[in-house]
Amino acid sequence: MLAKFCRTDFLLAIPGSLITINTPIIKGTWLAMDDYRAIENLMYRYAFLLDDGDLTGVAELFRHGEIVAPASDSVVKGYDAVLQMYQQSTRLFECGTPRTKHIISNTHIEVNGSEAEARAYFTVVQAASGLPLQVIISGYYRDQFSRIDGEWCFSRREMHPDLFGDLSQHLLFDADSIQ
């Protein structure tokens, strides 16, 4: 859906859309709502791939990007390094998954041409043998995106966990280093 605007300062809610725009727009430019949806879907794709245990798929999302964990002063760049990080940190069970559901909410996306930024909350629930269904970690992501060959891609994801539960069945390392 495209909308053409003549004002430079406005609040617009498009009927049937979940998106409300409250930002200055250059007079006469076109705003593609599909950019917001594509970025949002990319954020959700990360959650589905990780919950499915598809660590190569997760790493592919960061082929042109990096994952930053400020709490542990960690920066991991590119496909190989991201894959190695997830293989060394994520417990996969016999079913091939981490038995988690990553829930992404309160997503706020700002697009500026071929660059974009987003912030969203994450909540991870897990159930495993000896671990009843529960929230194991929560926090927020700060993401940056770039459009490469017409497709939105992660260029940076900062992970900011701030609420912690029992991570013993999720991580392959001692979680004290991220708390």
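Is Y46 buried or exposed, and what is the relative accessible area of Y46? In this predicted model, Y46 is buried, with a relative accessible area of 2%, and the legends below begin with the overall fold before turning to the surroundings of this and other residues.

**Figure 1. Overview of the predicted chain, with its 3 helices and 10 strands.** Followed along the sequence, the secondary structure elements of the protein chain come in the pattern β-β-β-β-α-α-β-β-α-β-β-β-β. The protein chain has 179 residues, of which 43% count as buried.

**Figure 2. Close-up of the aromatic pair formed by Y46 and Y86.** The two rings are arranged edge-to-face, with 6.5 Å from centre to centre and 65° between their planes. Because Y46 belongs to helix 1 and Y86 to helix 3, the pair ties together parts of the chain that are 40 residues apart in sequence. Both partners are withdrawn from the surface by the accessibility criterion: Y46 is buried at a relative accessible area of 2%, and Y86 is likewise buried, at 5%.

**Figure 3. Close-up of the stacked aromatic pair of F62 and F154.** The ring centres of F62 and F154 are 4.6 Å apart, and the angle between the ring planes is 25°. This contact links distant parts of the chain, since F62 is found in the loop between helix 2 (55-61) and strand 5 whereas F154 is in strand 10, 92 residues apart. F62 is buried, with a relative accessible area of 0%, and F154 is also buried, with a value of 1%.

**Figure 4. The aromatic cluster that takes in Y46, F62, Y86 and F154, together with F122, Y141 and F145.** These seven residues form one aromatic cluster, and the count of aromatic pairs in the model comes to 6. Y141, one of the cluster members, also has the charged end of R157 over its ring, at 3.6 Å from the ring centre. A further arrangement of a charge over a ring involves R119, which lies over the face of Y140 at 4.3 Å from the centre of that ring.

**Figure 5. The second largest pocket, with a volume of about 520 Å³.** The pocket is lined by 25 residues, and the closest of these to its centre are S89, M159, L171, F173 and I178. Several elements each supply at least two residues of the lining, namely helix 1 (33-51), strand 5 (66-69), helix 3 (78-89), strand 8 (115-128), strand 9 (131-148) and strand 10 (151-164). Sorted by class, the lining comprises 18 nonpolar and 7 polar residues, with no charged residues.

**Figure 6. Close-up of the cysteines C95 and C153.** The structure holds 0 disulfides. C95 is partly exposed, with a relative accessible area of 48%, whereas C153 counts as buried at 17% relative accessibility, a value that falls in the buried class because that class covers everything under 20%.

**Figure 7. Close-up of D176, in the segment after strand 10.** At 55% relative accessibility, D176 counts as exposed, because the exposed class begins over 50%. The C-alpha atom of D176 is separated by 9.9 Å from that of F164, and the two residues are 12 residues apart along the chain.

Definitions and conventions:
Residues are numbered from 1 along each chain as its sequence is written. This is a predicted model: local features need pLDDT of at least 70, side-chain atom pairs count only at pLDDT 80 or more; totals for chains, interfaces and linings use all residues. Side-chain values use heavy atoms; hydrogens and water are left out. On a 1 Å grid over the protein atoms alone, a cavity is a set of points where a 1.4 Å probe fits but cannot get out, and a pocket is an open set with protein on both sides within 12 Å along at least five of seven lines; lining residues have an atom within 4 Å of a point. Grid points are joined across faces, edges and corners, and a volume is the space filled by probe spheres set on the points. Helices (H or I, at least four residues) and strands (E, at least two) are DSSP runs, numbered from the N terminus. Ala, Val, Leu, Ile, Met, Phe, Trp, Tyr, Cys and Pro count as nonpolar, Asp, Glu, Lys and Arg as charged, and the others, Gly among them, as polar. Rings of Phe, Tyr and Trp (its six-membered ring) pair if their centres lie within 6.5 Å; planes under 30 degrees apart count as stacked, over 60 as edge-to-face and the rest as tilted. Buried means under 20% relative accessible area, exposed over 50%, partly exposed in between (1.4 Å probe, protein chains only). A charge sits over a ring if NZ of Lys or CZ of Arg is within 6 Å of the ring centre and within 35 degrees of the ring normal. A disulfide is a pair of cysteine sulfur atoms within 2.5 Å.
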